[in-house]
Amino acid sequence: MAEQEDKAGDQQKFVLKCPKGTRDFDPKQMAIREGVFKTITDCFKRHGAETIDTPVFELKETLMGKYGEDSKLIYDLADQGGELLSLRYDLTVPFARYLAMKKITNIKRYHIAKVYRRDNPAMTKGRYREFYQCDFDTAGAYDVMITDAEVVKIVAEILSDLELGDFVIKVNHRKFLDGMMACCGVPTEKFRTICSAIDKLDKTPWEDVRAEMVDTKGLDGAVADKIGTFVKLTGRGELIDKLLKDDSISKNEEAVQALEEMRVFFKYCETMDITNRVSFDLSLARGLDYYTGLIYEGTLTDTDGKGVGSVAGGGRYDDLVGMFDPSGKKVPCVGVSIGIERIFSIIEARKFASEEKIRTTETAVLVASAQKDLLDERMRLCSELWGAKINAEMSYKKDPKLLTQIQYAEETGIPCVAIIGEDEMKKGIIKLRNTKTRDEVEIKRTDFIDEVKKRCQSQA
């Protein structure tokens, strides 16, 4: 008896819910997500990308040491048969491992899949522990900034196609950041940790970032102040000219090389008509350790031009593949990851606020009956429609009421209703009803499939 009470107590304590930082998606949300995925995938394919897939977990050793301070967010799994495993943190490191394993030196690929981060979730801000990433990367040795500019063009196309509002693509160069920090007096061993602090400037005031540099990371206050004079600068080609005239920057070979590459980049942006969308922003650092060249971040802006949220980010990572190759052979890469969850949140909120009807199916025709005992006729017509690759469905009740069937089509947005009745069968016709206009036409039974293809499929 006591044992039964303990079991009952355990059942009462159990709370049925999704794990922290995850969520379910209902059919309307999935319809929105599939539409967004299609827009993004169409853009990737338009630029000639092919797709791959990799395991959801990797050897822990594959992931460690690639993400800087964010390595603490990697999900480790319990020991499985002698292998220490971790859930993938992003799609970039698995891609680099894939290239090294397969000995691939040239590929343009996209990958859409879930990744995992042991972060403190903020569901209202679109930050989760399980979420999708949509990545596009080009691997291969090509002339400077050509592939980089195309990736930034892709970001501009996707954000425009999704009609998210105004946006800016912030760009910087990792080599310029390193050169700038050297000019300011940052010790070499502190470059990455100071970069990680700079990376917080999009969300944190300079005073707080400076305090982290000085109080937490041990940087000299005067050095931090010098960094402050640079990271507040933004512009385009004119900023490159201004920086090249700076006495300290002009003497740093790495910084000068990066600025000359940025000049080439902005030339290509002008050619591809995206210069007005791009801003050279010295506060952009992107904290991941593997970036080696151009870095960028797509940010939505308000009416005053201020950033309200990052929705894309990436950069060049020429050394990452070499970390996995036994001989250290490098494969230059550049890519971007679209921040899909934040985009979903924005589009969902907009759709639901507009009270726009969201279709959750792609049914073109509802096959309905006007009288009893016509189930076989409905089944037969549905089968013919399916055989012709036309999306169709019918009520699963044996003798449904006609009004109920028509109301179902109206509520779910099915564009056409095929009505079968005794009179129609005698005449050898089927009535086709336009759900939106409520107009009905009589179509010969023998011509019905062809007519449906003309009238209904384009509306589904």
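Buried means under 20% relative accessible area, exposed over 50%, and partly exposed in between, with a 1.4 Å probe and protein chains only. This is a predicted model, in which local features need pLDDT of at least 70 and side-chain atom pairs count only at pLDDT 80 or more, while totals for chains, interfaces and linings use all residues. Residues are numbered from 1 along each chain as its sequence is written, and side-chain values use heavy atoms, with hydrogens and water left out.

**Stop one: a salt bridge in a loop**

Select Lys-330, which counts as exposed at 53% relative accessibility. Its partner is Asp-319, and the two side chains meet in a salt bridge at 3.1 Å, N to O; a salt bridge is a side-chain nitrogen of Lys or Arg within 4 Å of a carboxyl oxygen of Asp or Glu. Both residues lie in the loop between β10 (307-316) and β11 (333-338), eleven residues apart. Asp-319 is partly exposed, with a relative accessible area of 31%. Helices (H or I, at least four residues) and strands (E, at least two) are DSSP runs, numbered from the N terminus.

**Stop two: the mixed sheet**

Next, display β13, β12, β14, β15 and β16, which in that order form an open sheet of five strands with mixed pairing. Two strands pair if DSSP finds at least two bridges between them. The edge strands, each pairing on one side only, are β13 (392-394) and β16 (440-444). On average, neighbouring strands of this sheet are turned by 30 degrees against each other, direction ignored. Within the sheet, β12 (residues 365-369) pairs with β13 in the parallel sense over three bridges. To locate this pairing, select Val-365, whose bridge partner in β13 is Ala-392.

Add helix α15 (residues 402-412), which packs on the sheet and touches β12, β13, β14 (416-420) and β15 (429-434); contact means heavy atoms within 4.5 Å. The direction of α15 makes about 170 degrees with that of β12. Axes are lines fitted to C-alpha atoms, for helices over the stretch in contact, and angles run from 0 to 180 degrees between N-to-C directions. Then add helix α17 (residues 448-455), which lies across β12, β14, β15 and β16 and runs at about 140 degrees to β16.

Remaining on α15, select Glu-410, whose side chain meets that of Arg-438 in a salt bridge (3.3 Å, N to O). Arg-438 lies in the loop between β15 and β16, 28 residues apart from Glu-410. Glu-410 counts as partly exposed at 23% relative accessibility, whereas Arg-438 is exposed at 53%.

**Stop three: a covered strand**

Move to β6 (residues 167-173), where seven of the seven residues are buried. Phe-167, Ile-169, Val-171 and His-173 are on one side, and Val-168, Lys-170 and Asn-172 on the other. Strand β9 (residues 294-301) pairs with β6 in the antiparallel sense over seven bridges, and Phe-167 stands opposite Leu-300 in β9. Strand β8 (residues 278-281) pairs with β6 in the parallel sense over three bridges; there, Ser-279 is the bridge partner of Lys-170.

**Stop four: further charged pairs**

The count of salt bridges comes to 28. Among them, Glu-212 and Lys-217 have their closest N and O atoms 3.1 Å apart, and both residues are buried. Finally, select Arg-23, Arg-33 and Glu-341, which are linked in a network of salt bridges.
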